[in-house]
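Open the model in a viewer and keep the sequence panel visible. The stops below are given as selections, each with a note on what is there.

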Amino acid sequence: YPKAFRDRISVIHDGIDTSKACPAETPRDITLPDGTPLKAGESIVTFVNRSLEPYRGCHSMIRAIPHLQRLAPEAKLVIVGNTSGVSYGAICPEGEWKDVFLKEIEGDYDPKRVHFTGMVPYSDFIPLLQLSKAHVYLTYPFVLSWSLLEAMSCGCAVVGSNTAPVREVIEHRQNGLLVDFFQPDQLAESIAELLSNRALANELGHAARKTILQRFELKACVEQQLALIHLV
């Protein structure tokens with residue numbers, strides 16, 4: 001915004017309910033819509049979009065799958081989000097974005113270890129994040145997704161794109177890992193690092209939750225909003 005207006009603007013987040021989006025001492029097992037069971041201790045990688053589209057990096061995530069599976073063949077990749085249509089970006093000119101990018105890697109990956117869930121109820125979403133060993137969040141410069149902040153609040157170790165919105169909350173190797181948005185191999189290698197180096201993953205996940213508690217905790221954000229109303 002122009003400098004003349006900046007001292008008249010307050011940036012206050014809606015807030016994250018950190019009592020609900022929180023680490024679980026004993027994460028509960030869940031079953032995906034395709035019948036796949038997920039259990040604590042497995043190498044579960046999560047990726048969440050409202051709709052799977054390039055705006056939120058689905059192309060880079062899908063292109064990373066072959067290399068990721070070579071580095072971490074035991075990994076289970078859980079991709080949450082609508083597989084048809086878009087929420088923000090351009091409509092796919094040839095069907096659906098998911099299918100276009102999966103066709104690129106056809107024959108070069110094991111589809112049995114990649115699970116597209118569609119949308120999931122919130123009652124399953126948080127338990128899924130609590131099971132996640134590495135959470136991936138990619139985006140063009142745009143509004144930061146609440147799902148990233150909830151993943152951080154759950155103590156997930158995050159691999160995020162080195163883009164402006166993500167840099168607002170993640171500092172590389174302090175509370176997450178940052179990668180080039182257009183480098184799928186780099187993305188795969190960072191995910192594999194978190195899966196193999198659990199000490200690092202736990203350290204980053206702990207710091208990620210601390211970030212949310214300090215800057216996005218619901219009660220504190222509501223108090224800031226009320227203070228703004230009273231100020232006006």
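The tour goes from two enclosed helices to helix crossings, then to single residues and a surface patch.

This is a predicted model, in which local features need pLDDT of at least 70 and side-chain atom pairs count only at pLDDT 80 or more, while totals for chains, interfaces and linings use all residues. Residues are numbered from 1 along each chain as its sequence is written, and side-chain values use heavy atoms, with hydrogens and water left out.

**Enclosed helices**

Select residues 122–131, helix α4. Helices (H or I, at least four residues) and strands (E, at least two) are DSSP runs, numbered from the N terminus. Seven of the ten residues of α4 are buried, so the helix is largely enclosed by the rest of the structure. Buried means under 20% relative accessible area, exposed over 50%, and partly exposed in between (1.4 Å probe, protein chains only). The buried residues are Phe-125, Ile-126, Pro-127, Leu-128, Leu-129, Gln-130 and Leu-131. They pack against β1, β2 (37–38), β3 (44–51), β4 (76–82), β6 (134–137) and α5.

Next select α5, residues 146–153. Seven of its eight residues are buried, so α5 is also largely enclosed by the rest of the structure. Those buried are Ser-147, Leu-148, Leu-149, Glu-150, Ala-151, Met-152 and Ser-153. Their cover includes β3, α4, β6, β7 (158–161) and α8. After α5 comes Gly-155, with a positive phi near 85°.

**Crossings at α8**

Keep α5 and add α8, residues 198–215. The two axes come within 7 Å and cross at roughly 120°. Axes are lines fitted to C-alpha atoms, for helices over the stretch in contact, and angles run from 0 to 180 degrees between N-to-C directions. That makes α5 oblique to α8; angles under 35 degrees count as roughly parallel, over 145 as roughly antiparallel, 65 to 115 as roughly perpendicular and the rest as oblique. Show side chains for Leu-149, Met-152 and Ser-153 of α5, which meet Gly-205, Ala-208, Arg-209, Thr-211 and Ile-212 of α8. Contact means heavy atoms within 4.5 Å.

Now swap α5 for α7, residues 184–196. Its axis and that of α8 come within 5 Å and cross at roughly 100°, which means that α7 is roughly perpendicular to α8. Glu-193, Leu-194, Leu-195 and Ser-196 of α7 make the contact with Arg-198, Leu-200, Ala-201 and Leu-204 of α8.

**Single residues**

Select Gln-69 in helix α2 (residues 58–71). Is this residue buried or exposed? Gln-69 is buried, at 13% relative accessibility. Leaving out residues up to four places away in sequence, Gln-69 touches Tyr-109, Asp-110, Arg-113 and Val-114.

Go to Arg-173, in the loop between α6 (164–167) and β8 (177–179). Phi of Arg-173 is near 65°, positive in a residue other than glycine. Most residues other than glycine have a negative phi. Arg-173 is partly exposed, with a relative accessible area of 37%.

Then pick Leu-228 in helix α9 (residues 218–231). Leu-228 is partly exposed at 29% relative accessible area. Measure C-alpha to C-alpha from Leu-228 to Ser-10: they are 218 residues apart in sequence and 7.9 Å apart in space. Leu-228 touches Ser-10 and Ile-12, not counting residues up to four places away in sequence.

**Surface patch**

Finish with Tyr-1, Phe-5, Ile-9 and Val-11, a nonpolar surface patch with about 520 Å² of accessible area together. Patches are made of residues with over 30% relative accessible area and no salt bridge (a side-chain nitrogen of Lys or Arg within 4 Å of a carboxyl oxygen of Asp or Glu). Like charges are joined within 9 Å, and nonpolar side chains (Val, Leu, Ile, Met, Phe, Trp, Tyr) within 5 Å. Accessible areas come from the Shrake-Rupley method with a 1.4 Å probe; for residues, only the protein chains shown count as cover. Val-11 sits in the loop between α1 (3–6) and β1 (30–31) and is exposed, with a relative accessible area of 78%.
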